[in-house]
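Open the model in your viewer, with the sequence panel beside it. The stops below say what to select and what to look for there.

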Amino acid sequence: MAHCTLIRPDQLIDLRWRVLRQGRPRESAVFPGDAQATHHGLWQDEQLLVVLSLFSNPIVHNGAIYPQQLRGMATDPVCQGQGLGSQLLIEVQSLGPLWCNARLRARTFYARAGWQAIGSEFDLPKVGPHQRMVWAPKPCP
Ligand SMILES: CC(C)(COP(=O)(O)OP(=O)(O)OC[C@H]1O[C@@H](n2cnc3c(N)ncnc32)[C@H](O)[C@@H]1OP(=O)(O)O)[C@@H](O)C(=O)NCCC(=O)NCCS
């Protein structure tokens, strides 16, 4: 049974490195601000299978504030496509409005969880094409 917890930066670096920084030095998987960010993981059978991090980095879109940036979303390649990433993403969405710069390949993953694309696609050096996306709870009817 999968469950989600807060994790320490040192617990996630190897998975982040393997999935998001392939072929680059391990240090490239350490992000500025990691020490101040909050890190979340999804575990199954005591294995850390999905990680993501939330950084305090507010943006304003259409007059609404999105205080936290989601970064480093990564699922172990052996269990991608099994719904585990969505499970962790939905869990952290309970923490309030979020934004991220999504890799284009992951855009539909976020859209399915209710995220909205804003602005134009852009290129992040060494990482590739991205799309900024935001998520906020739907107002009560
Ligand atoms: C994107 C990612 C975190 C999703 O996690 P996951 O556990 O596979 O997600 P789920 O099983 O809940 O959802 C699967 C959906 O994610 C997307 N997806 C699946 N594999 C993917 C991959 N290798 N890269 C990007 N997106 C992927 C697809 O839209 C897929 O939809 P489908 O089931 O209709 O094919 C994971 O696939 C991953 O780590 N990809 C590589 C790193 C990455 O792109 N991270 C996002 C950075 S913004």
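The tour starts at the ligand and then moves to single residues. Keep in mind throughout that this is a predicted model.

**Stop 1: the ligand and its shell**

Select the ligand and show the residues around it. There are 20 of them, and Gly81, Gly83, Gly85, Ser86 and Arg112 are the closest. Colour this shell by residue type: 9 are nonpolar, 8 are polar and 3 are charged.

Now switch on the surface of the protein. The largest pocket is the space that the ligand takes up.

**Stop 2: polar contacts of the ligand**

Which side chain has an N or O atom 2.9 Å from a nitrogen atom of the ligand? Select Gln80 to find it: the N or O atom in question belongs to the side chain of Gln80.

Go on to Gly83 and show its backbone. A backbone N or O atom of Gly83 is 2.7 Å from a ligand oxygen. Then select Gly85, where a polar backbone atom lies 2.8 Å from an oxygen atom of the ligand. Taken alone, the ligand has 820 Å² of accessible area, and the protein covers 77% of that.

**Stop 3: the elements around the ligand**

Switch to a cartoon view and pick out the helices α1 (9–20), α2 (84–93) and α3 (107–112), together with the strands β4 (64–75) and β5 (98–103). Each of these five supplies at least two residues of the shell around the ligand. Which element gives the most to that shell? Select α3, which contributes 4 residues.

**Stop 4: two strands from the shell, one residue in each**

Stay with β5 and select Cys100, which is found in this strand. Is Cys100 buried or exposed? Its relative accessibility is 1%, so Cys100 counts as buried. Add Thr5 to the selection and draw a C-alpha to C-alpha distance: Cys100 and Thr5 are 21 Å apart in space and 95 residues apart in sequence.

Next take Tyr66, which lies in strand β4. Tyr66 has a relative accessible area of 7% and is therefore buried. Draw the C-alpha to C-alpha distance from Tyr66 to Met1: these two are 32 Å apart in space, with a separation of 65 residues in sequence.

**Stop 5: Gln131**

Move to strand β7 (residues 128–135) and select Gln131, which has its place there. Gln131 has a relative accessible area of 4%, under the 20% limit, so this residue is buried. Show its side chain and the backbone of Ile118 as well. A polar atom of the Gln131 side chain lies 2.8 Å from the backbone oxygen of Ile118.

**Stop 6: two loop residues with positive phi**

Select Asn62, in the loop between β3 (47–61) and β4. What is the phi of Asn62? It is near 50°, a positive value in a residue other than glycine. The relative accessible area of Asn62 is 73%, so Asn62 is exposed.

Finish in the loop between β6 (116–124) and β7, where Lys126 is found. Lys126 is not a glycine, yet it has a positive phi of about 70°. Is Lys126 buried or exposed? At 72% relative accessibility, which is over the 50% limit, Lys126 counts as exposed.

Conventions:
Residues numbered from 1 in each chain as written. Predicted model: local features only at pLDDT ≥ 70, side-chain atom pairs only at ≥ 80, totals over all residues. Heavy atoms only, no water. Near = heavy atom within 4 Å. Polar contact = N/O pair within 3.5 Å; in protein donor to acceptor, adjacent residues only side chain to side chain. Areas by Shrake-Rupley, 256 points an atom, 1.4 Å probe, with all protein chains shown as cover. 1 Å grid on protein atoms, 1.4 Å probe; cavity = no way out; pocket = protein on both sides within 12 Å on 5 of 7 lines; lining within 4 Å. Sits in = over half its atoms within 2 Å of the grid points. Nonpolar A, V, L, I, M, F, W, Y, C, P; charged D, E, K, R; others polar. Buried < 20%, exposed > 50% of the residue type's maximum accessible area, 1.4 Å probe, protein only.
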